[in-house]
Amino acid sequence: MTVETPVETSVTADEDGAGGKMPLLDHLIELRSRLLKSLLAVGLAFGVCLYYARPIFGILVHPLVVAGQGKLIYTQLFEAFFVEIKVALFAATMIAFPVIANQLWKFVAPGLYRKEKRALLPFLFATPVLFAIGACFAYFVTIPIALKFLLGYQGNVGGVTQEALPSVGNYLSFVMQFILAFGIAFLLPILLMLIERAGLVTRAQLISARRYMIVAAFAVAAVFTPPDILSQLLLAIPLVFLYELSIFAIWFTQRKRKTGAEAAPVEPLEEA
């Protein structure tokens with residue numbers, strides 16, 4: 001009597017949700033295709049935003065008007081022209097960001113397993129949301145406060161009238177610096193949760209590094225904001241708050257994963 005041994009079947013790439021291997025040239029062709037589509041999206045958005053560059057700049061100027069400053073100057077003949085180009089490029093990048101993120105995901109996703117895709121998708125959707133929240137926080141909260149503080153130095157000083165006459169280029173750099181700094185800073189929870197899921201750090205390590213994070217938050221604020229202490233506090237304090245929020249979010253996701261693992265049914269062992 002002969003006993004037939006079962007033939008072991010290997011799990012293919014399609015069964016577990018990951019794409020097969022691709023030659024390097026195919027990867028480069030795919031990367032070029034994704035980059036061209038992203039650049040096309042930015043180019044189309046740039047053409048539209050360039051036409052509406054002045055109304056867009058009017059939106060960016062609104063906090064300055066509310067702060068009581070009704071004049072902007074330009075000291076070089078080409079400065080106002082380049083400001084409109086920068087405004088259009090800045091707005092186009094913001095508008096085309098979902099397309100860029102989608103193309104990046106389509107390039108990376110075929111090499112991921114189904115479980116990895118499910119783990120990364122929430123972070124992918126949360127990235128533009130958190131960036132938009134940070135940008136809105138900068139526009140509606142921090143920029144008006146910073147402008148009111150900085151414009152408060154106007155007045156009579158020793159018999160001399162001190163008046164602020166910001167140029168269009170300097171003001172645009174000021175606003176873009178705030179919006180980008182706060183938008184990127186609000187992505188801190190995603191970064192920390194990703195490196196925790198990757199096993200690079202643990203929640204206990206993040207808690208023990210809290211004091212160093214406070215110092216790092218003020219260092220980052222000193223680099224990415226104007227040199228006045230108020231602007232630095234407006235970025236450093238949210239960074240510390242987001243760090244604490246990240247620790248809580250990691251605890252919450254760990255608890256949810258543990259609960260899900262305990263609730264999963266245990267398959268019985270096959271009898272030999």
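1. Helices (H or I, at least four residues) and strands (E, at least two) are taken here as DSSP runs, numbered from the N terminus. In those terms Tyr 153 has its place in the loop between α4 and β1, the latter being residues 155-157. Please keep in mind throughout that this is a predicted model.

2. On the overall make-up, the protein chain contains nine helices and two strands, and its elements, read from the N terminus, follow the order α-α-α-α-β-β-α-α-α-α-α. Of its 272 residues, 30% count as buried, while the chain exposes about 18300 Å², of which carbon and sulfur atoms supply 69%. Among contacts with a separation of 6 or more, 83% are made by residues 24 or more positions apart.

3. How far apart should the ends of α1 be, given its 28 residues? At 1.5 Å a residue the expected span is 40 Å, and the end C-alpha atoms of α1 are 41 Å apart, so the two values agree. The buried residues of α1 are Arg 34, Ser 38, Ala 41, Val 42, Ala 45 and Cys 49, and they pack against α2 and α3.

4. The same check on helix α3 (residues 79-108) gives an expected span of 44 Å for 30 residues, and its end C-alpha atoms lie 40 Å apart, which agrees. When looking at this helix, please note also a kink of about 50° at Ala 96, shortly before the proline Pro 98. Ala 96 is itself one of the buried residues of α3, which also include Glu 79, Val 83, Val 87, Phe 90, Gln 103 and Trp 105. The cover over the buried residues of α3 includes α1 (24-51), α2 (53-66), α4 (114-150) and α5 (168-185).

5. Where α1 and α3 meet, two polar residues deserve attention. Arg 34 is found in helix α1 and, at 14% relative accessibility, it counts as buried because the cut-off for that class is under 20%. Gln 103 lies in helix α3 and is buried as well, with a relative accessibility of 7%. Leaving out residues up to four places away in sequence, Arg 34 touches Gln 103, Lys 106 and Phe 107, whereas Gln 103 touches Arg 34, Lys 37 and Ser 38.

6. Which residues of the largest nonpolar core touch the most other members? That core has 43 residues, and the ones in question are Phe 57, Tyr 171 and Phe 174. At least two residues of this core come from each of α2, α3, α4, α5, α6 (188-197), α8 (210-224) and α9 (229-263), and α5 gives the most, with 11 residues. Tyr 171 illustrates the packing: setting aside neighbours within four places in sequence, it is in contact with Phe 57, Leu 60, Val 61, Pro 63, Leu 64, Leu 72 and Leu 147. Another core, of five residues, lies apart from the largest one, and among its members are Ala 45, Cys 49, Ala 91 and Ala 92.

7. For anyone concerned with the cysteines, a search of the whole structure finds zero disulfides. Cys 49 has a relative accessible area of 5% and is therefore buried, since the class takes values under 20%. Is Cys 136 buried or exposed? It falls in between: at 41% relative accessibility, Cys 136 counts as partly exposed.

8. The region around the two strands merits a separate remark. Tyr 153, in the loop between α4 and β1, has a relative accessible area of 51% and is thus exposed, the class beginning over 50%. Glu 163 is found in the loop between β2 (160-162) and α5, and with a relative accessible area of 54% it is exposed too. Tyr 153 and Glu 163 are 10 residues apart in sequence, with a C-alpha to C-alpha distance of 8.1 Å. For Glu 163 and Leu 151, which are 12 residues apart along the chain, the C-alpha atoms are separated by 8.6 Å.

Note on methods: Residues are numbered from 1 along each chain as its sequence is written. This is a predicted model: local features need pLDDT of at least 70, side-chain atom pairs count only at pLDDT 80 or more; totals for chains, interfaces and linings use all residues. Side-chain values use heavy atoms; hydrogens and water are left out. The expected span of a helix is 1.5 Å times one less than its number of residues. The bend at a residue is the angle between axes fitted to the seven residues ending there and the seven starting there. Buried means under 20% relative accessible area, exposed over 50%, partly exposed in between (1.4 Å probe, protein chains only). Contact means heavy atoms within 4.5 Å. A disulfide is a pair of cysteine sulfur atoms within 2.5 Å. A nonpolar core is a set of buried Ala, Val, Leu, Ile, Met, Phe, Trp, Tyr and Cys residues joined through side-chain atoms within 4.5 Å. Accessible areas come from the Shrake-Rupley method with a 1.4 Å probe; for residues, only the protein chains shown count as cover.
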